[in-house]
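Here's a small set of exercises to work through with the model open in your viewer. Try each task before you read its solution.

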Amino acid sequence: MAKSRSANKRKRSSSARARSATRASARTNEGKSMRGRSAGSSRGRNGGGRDDAIALLKADHREVERMFSEFESARSHDRKSDLATRICSALRVHTTIEEEIFYPAYLEATRDTEIHHEAEIEHEGAKRLIDEIESTGPDDDHFEARISVLQEMIRHHVKEEERSSGMFSKARASGMDLRALGRQLEERKLELKGESDAGGMPRMPEGGRSRGAGRDMRMRSH
Ligand SMILES: [Fe+2]
Ligand SMILES: [Fe+2]
């Protein structure tokens, strides 16, 4: 029964997000039509803001990079295990908010299927590896190799998103309402982190197969 209520809640939450993304797209289109008329207004909505969607996503990237660096210099098994859990959790939250909110808004605003689809496929690869890390745990012979390969995958993906001809630059040039998207990303991020801190794992965007596995890894690490 509790499970059913939880599923219904997730379903309602997902519908609300879809409606919200649609509203964001509408605002994005409105933003496009406004650009020629009011450059000042457009700058206010998406021009290099320190608290907009791109700033939030870049801050996530820096945080994960910092944790990967800490993992590289960590010596104890417990420390590595703890960092791996935090890296996987942070990446799940980040990929989820991008896939649920930022990527659809980007596609709507730019119609750029090439960059969008490539980013989605890169997420799929990273999530498969995160599943493996969480299901095999820190005692597996390939644990450190998996973290190292995940780090390389994320490094490449982040470079693609942040390069001058990449998704973030194109998003900023498109007139998307990055401030509104930033608020949506922040809200959803807090929701997902709350679920993760409560012992569950963030819901995977494509019905991922490892919900709860992160908790297993933490349990095995002690
Ligand atoms: Fe990202
Ligand atoms: Fe991404």
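**Exercise 1.** In this predicted model, find which residues aspartate 112 is in contact with once its neighbours within four places in sequence are left aside.

*Solution.*
- Start by locating it: aspartate 112 sits in the loop between α4 and α5.
- Skip the neighbours within four places, and the contacts of aspartate 112 are Leu107 and Lys170.
- Now look at the pair with lysine 170: the two C-alpha atoms are 9.2 Å apart, although 58 residues separate them along the chain.
- Finally, the burial class. Aspartate 112 has 15 other C-beta atoms within 10 Å, so it is partly exposed.

**Exercise 2.** Work out whether arginine 111 is buried or exposed, and check the sign of its phi.

*Solution.*
- Arginine 111 is in the loop between α4 and α5 too.
- Count C-beta neighbours inside 10 Å: arginine 111 gets 9. The cut-off for exposed is 12 or fewer, so arginine 111 counts as exposed.
- On to the backbone. Most residues other than glycine have a negative phi.
- Arginine 111 isn't a glycine, yet its phi is positive, at about 60°.
- For another positive phi, go to glycine 137, just after α5, where the value is about 80°.

**Exercise 3.** Decide how α4 and α5 run relative to each other, then list what holds the contact.

*Solution.*
- Take the geometry: the axes lie 10 Å apart and the packing angle is about 160°.
- Angles over 145 degrees count as roughly antiparallel, and α4 and α5 are therefore roughly antiparallel to each other.
- The handedness of this crossing is left-handed.
- On the α4 side, the contact residues include Ala84, Cys88, Leu91, Tyr103 and Leu107. On the α5 side, they include Thr113, His116, Ala126, Ile130 and Ile133.
- Sort the contact of α4 with α5 by class and you get 10 nonpolar, four polar and five charged residues.

**Exercise 4.** Do the same for α3 (residues 53–73) and α4 (residues 77–110): find the crossing angle and what the contact is made of.

*Solution.*
- The two axes come within 10 Å and cross at roughly 160°.
- That makes α3 and α4 roughly antiparallel, by the angle criterion used above.
- α3 passes α4 in a left-handed crossing.
- Among the α3 residues in the contact are Leu57, Val64, Met67, Phe68 and Phe71; α4 brings, among others, Leu83, Ile87, Leu91, His94 and Phe102.
- The class count for α3 with α4 is 12 nonpolar, one polar and six charged residues.

**Exercise 5.** Check whether the length of α5 (residues 113–136) fits its residue count, and see which of its residues are buried.

*Solution.*
- With 24 residues at 1.5 Å each, α5 should span 34 Å. Its end C-alpha atoms are 34 Å apart, so the two values agree.
- The buried residues of α5 are Ala119, His123, Ala126, Lys127, Ile130, Ile133 and Glu134.
- To read that list, recall that an α-helix has 3.6 residues a turn, so residues three or four places apart point the same way.
- Next, α6 (residues 143–162) packs against α5 at about 160°, with the axes 10 Å apart.
- α5 and α6 are therefore roughly antiparallel, and their crossing is left-handed.
- Ala119, Ala126, Ile130 and Ile133 are among the α5 residues that meet α6, whose side includes Phe143, Ile147, Leu150 and Ile154.
- By class, that contact of α5 with α6 has 11 nonpolar, three polar and five charged residues.

**Exercise 6.** Compare histidine 77 and serine 81: what burial class does each get?

*Solution.*
- Place them: histidine 77 is in helix α4, and so is serine 81.
- Histidine 77 has 13 C-beta neighbours inside 10 Å, so it counts as partly exposed.
- Serine 81 has 21 other C-beta atoms within 10 Å, so it is buried.
- For long-range pairs, the C-alpha atoms of histidine 77 and proline 138 are 7.8 Å apart across 61 residues of chain. For serine 81 and glutamate 144, the separation is 9.8 Å across 63 residues.

**Exercise 7.** Zoom out: how many helices and strands does the protein chain have?

*Solution.*
- The chain has nine helices and zero strands.
- Of its 222 residues, 32% are buried.
- Among contacts with a separation of 6 or more, 75% link residues 24 or more positions apart.

Technical notes. Residues are numbered from 1 along each chain as its sequence is written. Chains are lettered from A and ligands numbered from 1 in the order in which they are written. This is a predicted model: local features need pLDDT of at least 70, side-chain atom pairs count only at pLDDT 80 or more; totals for chains, interfaces and linings use all residues. Helices (H or I, at least four residues) and strands (E, at least two) are DSSP runs, numbered from the N terminus. A residue is buried if 20 or more other C-beta atoms lie within 10 Å of its own, exposed if 12 or fewer, and partly exposed in between; C-beta atoms are placed from the backbone. Two residues are in contact if their C-beta atoms, placed from the backbone, lie within 7 Å. Axes are lines fitted to C-alpha atoms, for helices over the stretch in contact, and angles run from 0 to 180 degrees between N-to-C directions. Angles under 35 degrees count as roughly parallel, over 145 as roughly antiparallel, 65 to 115 as roughly perpendicular and the rest as oblique. A crossing is left-handed if the near helix is turned anticlockwise from the far one by less than a right angle, and right-handed if clockwise. Ala, Val, Leu, Ile, Met, Phe, Trp, Tyr, Cys and Pro count as nonpolar, Asp, Glu, Lys and Arg as charged, and the others, Gly among them, as polar. The expected span of a helix is 1.5 Å times one less than its number of residues.
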